[in-house]
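This report describes selected elements of one protein chain. The sequence and structure are shown below.

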Amino acid sequence: MPHFLNSVTLLSAPAEALREVFARLGFSVPPGGGVALENATLAPRDAVEAGAAREPLSLVMTARPNDETAHTPHPNSVRALAAVVRTFENPADHAEIFSRAANQREMRATSAGLELKLANARLEILTPAAFDQIYGGAGDAVVFATTDLAATRDFFERAQVAFEEKFGRLVVAAGATLMLAFEAQER
């Protein structure tokens, strides 16, 4: 059985700035904490050395799911983590590593990259060109599931959050190399 994506650690300099971005986007973020979702948590962490890490985020995948009772409702209507998107020049070169980490041998391969379905989310590995077309810019993305994309859009408009609509998603730049995307998903 595929593993569950339990947590995502996002490197930022400083981490408090990323917490402020999350709060502005309508996430309930306790002081010094992260974002608790139905299926995973996002935890900002200070980058050890500015520019030293290629990895803007790290993933924890396990055979057991998170405790879903820890989830706090968010004013932006986000309920869960839908996907984590990584970019590599040659996604196929990284298929074996991600396949082992996810405990998932089956994956969908296209000219844009690879997609692995985890027990509770997706892991996408895209080429930089595909990422730019789908999400805009360069880097990696965290994709959130909302049951009401119109409510998320309304929240962003009221909060004066700049976003783009791309391929049925709302996309927000959270830094130079991190995009946050919001897509509608039914429970």
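## The start of helix α4

In this predicted model, D148 caps the N-terminal end of helix α4. The contact runs from a side-chain oxygen of D148 to the backbone nitrogen of A150, a distance of 3.2 Å.

## The buried face and the end of α4

Helix α4 spans residues 149–158, and its buried residues are L149, T152, F155 and F156. These residues lie on the same side of α4, because the arc they cover around the axis is only 120°.

Their packing partners are helix α1 and three strands: β9 (140–146), β11 (169–173) and β12 (178–184). Just after α4, Q160 adopts a positive phi of about 55°.

## The four-stranded sheet

Four strands form an open sheet with mixed pairing, in the order β2-β3-β1-β4. The edge positions belong to β2 (35–36) and β4 (57–62); each has a single partner strand, so one side of each is left without a neighbour in the sheet.

Within this sheet, strand β1 (residues 4–12) and strand β3 (residues 41–46) run parallel and are joined by six bridges. In one of these pairings, S12 has D46 of β3 as its bridge partner.

## Helix α1 between the two regions

Helix α1 comprises residues 15–24 and lies across β1, β2 and β3. Its direction makes an angle of about 145° with that of β3. Helix α1 is also among the elements against which the buried residues of α4 pack, and thus appears in the description of both regions.

Methods
Residues numbered from 1 in each chain as written. Predicted model: local features only at pLDDT ≥ 70, side-chain atom pairs only at ≥ 80, totals over all residues. Heavy atoms only, no water. Pairing = 2+ DSSP bridges. Contact = heavy atoms within 4.5 Å. Axes fitted to C-alpha atoms, helices over the stretch in contact; angles between N-to-C directions. Buried < 20%, exposed > 50% of the residue type's maximum accessible area, 1.4 Å probe, protein only. Arc of directions from axis to C-beta. Polar contact = N/O pair within 3.5 Å; in protein donor to acceptor, adjacent residues only side chain to side chain.
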